[in-house]
Amino acid sequence: AALPITILAADKEDAERAAIFKYDFKVPYADAFAGSLAVRENATLVTADYDFKSVATGTMKIEFLPAK
């Protein structure tokens, strides 16, 4: 069965939001892009990347996968 994944195009505004997310939460830029898109889409970010622990509670929905 296919996963419910949507490919989103990114524009200049998305890049700017990612830069702000990076600044606010001190995460790498690629993570900031994923985080800011999840916020924009009101989606749950599913990750094993614990850099997202720096994101303030209530900012977005995050589901952490177990660490290996």
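Me: Hi! Is D14 buried or exposed?
Reply: D14 counts as buried, because its relative accessibility is 2%. Buried means under 20% relative accessible area, exposed over 50%, and partly exposed in between, with a 1.4 Å probe and protein chains only. This is a predicted model, where local features need pLDDT of at least 70, side-chain atom pairs count only at pLDDT 80 or more, and totals for chains, interfaces and linings use all residues. Residues are numbered from 1 along each chain as its sequence is written, and side-chain values use heavy atoms, leaving out hydrogens and water.

Me: Thanks! Which residues does D14 touch?
Reply: Leaving aside residues up to four places away in sequence, D14 touches A9, F33, S36, L37 and R40. Contact here means heavy atoms within 4.5 Å.

Me: F33 sounds fun. Why is the pair of Y29 and F33 edge-to-face?
Reply: There are three aromatic pairs by the ring rule. The ring centres of Y29 and F33 are 5.6 Å apart and the planes are at 85°, so this pair is edge-to-face. The rule takes rings of Phe, Tyr and Trp (its six-membered ring) with centres within 6.5 Å; planes under 30 degrees apart are stacked, over 60 edge-to-face, and the rest tilted.

Me: And where do Y29 and F33 lie?
Reply: Both lie in helix α2, four residues apart, about one turn of the helix. Helices are DSSP runs (H or I, at least four residues), as are strands (E, at least two), numbered from the N terminus. F33 is buried, with a relative accessible area of 18%, while Y29 counts as partly exposed at 37%.

Me: New topic: what follows α2?
Reply: N42 does, and its phi is positive, near 55°.
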